[in-house]
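Q: Please take a close look at one part of this model, the surroundings of the ligand, and then follow the elements that lead away from there.

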Amino acid sequence: MANDYVFNQPPDGIEDRANASAGRVLLGGPVALVTTAWRGKTNIVPISWHMPLSAKPPIVGIAVGQERYTAEMIQHAQEFAINIPSRLLLHHVQYLGTLSGEHVDKFEATQLETFVPKTITAPLVKGCVAWIECQVVEAYPVGDHILFAGLVTSVQVDPQSFDDRWLVGEPETRPLHFIAGNRYSTLSGVMEARVPQASEAPERILRERVAEELELTREARERREEAVGELREEVRRGHSIDPATLDDLAKSGIEVSADDLIDLSKGIVLGE
Ligand SMILES: Cc1cc2nc3c(=O)[nH]c(=O)nc-3n(C[C@H](O)[C@H](O)[C@H](O)COP(=O)(O)O)c2cc1C
């Protein structure tokens with residue numbers, strides 16, 4: 001039950017950040033789990049329509065369908081928490097989007113663990129990598145949604161995932177990004193954009209940079225094709241693939257999913 005959360009200590013090692021970092025947490029568009037509490041009831045809902053709205057003071061927005069139970073909860077409570085799940089909660093996120101808190105206690109259904117917030121009453125969710133607490137300052141009806149603007153009252157992060165920006169480190173520390181349907185992704189690397197110096201001819205420098213990027217993309221594609229080819233060969237020989245191998249490849253920037261290997265397999269692809 002989420003209602004025990006007020007007695008649960010925050011996970012070890014999480015750190016405070018300035019409220020102004022809320023905008024940074026939402027950069028990159030990770031899917032959020034929004035939690036609410038009202039008169040002893042708690043609720044949790046995946047939300048992908050969110051955005052920073054103001055830097056000073058830090059205000060973030062979430063668009064919630066007018067008919068959602070969450071909209072009713074927030075209208076009463078005038079507060080909400082944004083929890084950013086890691087990829088370990090992939091299946092939970094999708095499942096939570098199929099249930100309504102009006103009929104189901106989603107914390108009971110998923111057994112997600114919670115802990116005590118710092119400034120509001122809605123529970124914070126363990127297994128997430130960043131947490132933003134908000135007090136509603138405006139609610140704008142926009143078509144069939146309500147845009148709740150929340151003044152940020154606390155930001156906490158797992159420093160393995162987020163420093164002053166998303167680190168894109170070990171796969172399990174990365175946030176999840178919702179694409180559509182039941183499809184999600186994670187960020188796979190960080191690139192640094194460079195701009196021409198004042199002394200350089202910008203159109204030439206930019207043309208060169210495009211060529212460099214194309215070359216890097218080609219190399220990455222070739223490395224991936226080679227890795228997939230080797231794994232498919234293993235599968236063809238009837239060997240199973242240890243999921244740790246896929247994680248190791250992901251760490252070196254080569255994302256290979258079971259789907260890449262299944263079409264050539266005779267059966268089981270992933271080991272044990
Ligand atoms: C990944 C994902 C993202 C979603 N994003 C939003 C969103 O931004 N706004 C919204 O109103 N509903 C969104 N939904 C749908 C709600 O999560 C879903 O309707 C939920 O069951 C509503 O729960 P409630 O009735 O307890 O509020 C999303 C669902 C998923 C799976």
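Which element gives the most to the shell around the ligand, and with how many residues?

A: Strand 3 gives the most to that shell, with four residues. The model is a predicted one, and what follows was computed from it.

The ligand has 21 residues around it, of which W49, T70, G97, S100 and G101 come nearest. Two or more residues each come from strand 3, strand 5, helix 2 and helix 3, the last of these covering residues 90-96. By class, the shell holds eleven nonpolar residues, eight polar ones and two charged ones.

Helix 2 deserves a closer description. This helix covers residues 69-77, and its buried residues are Y69, T70, A71, M73 and I74. T70 therefore appears twice in this account, since it is buried in helix 2 and is also among the residues that come nearest to the ligand. An α-helix has 3.6 residues a turn, so positions three or four places apart point the same way. In helix 2, the buried set includes Y69 and M73, and also T70 and I74.

The buried residues of helix 2 pack against several strands: strand 2 (32-38), strand 3 (41-47), strand 5 (59-65), strand 6 (79-85), strand 9 (128-142) and strand 10 (145-157). Among these partners, strand 3 and strand 5 also give two or more residues to the shell around the ligand. After helix 2 comes Q78, which has a positive phi near 60 degrees.

Three of the strands packed against helix 2 can be followed through their pairing. Strand 6 and strand 9 run antiparallel and are joined by seven bridges. In this pair, I84 stands opposite A130 of strand 9. Strand 9 in turn runs antiparallel to strand 10, with twelve bridges between them. Here C134 stands opposite V152 of strand 10. Strand 9 and strand 10 form a hairpin with two residues between the strands, and G143 there has a positive phi near 55 degrees.

As for the setting, the chain contains seven helices and twelve strands. Its C-alpha trace spans about 60 × 60 × 40 Å along the principal axes. Of its 272 residues, 30% are buried. Among contacts between residues at least 6 apart in sequence, 69% join residues at least 24 apart.

Technical notes:
Residues are numbered from 1 along each chain as its sequence is written. This is a predicted model: local features need pLDDT of at least 70, side-chain atom pairs count only at pLDDT 80 or more; totals for chains, interfaces and linings use all residues. A residue is buried if 20 or more other C-beta atoms lie within 10 Å of its own, exposed if 12 or fewer, and partly exposed in between; C-beta atoms are placed from the backbone. Two residues are in contact if their C-beta atoms, placed from the backbone, lie within 7 Å. A residue is near a molecule or strand if its C-beta atom, placed from the backbone, lies within 6 Å of it. Ala, Val, Leu, Ile, Met, Phe, Trp, Tyr, Cys and Pro count as nonpolar, Asp, Glu, Lys and Arg as charged, and the others, Gly among them, as polar. Two strands pair if DSSP finds at least two bridges between them.
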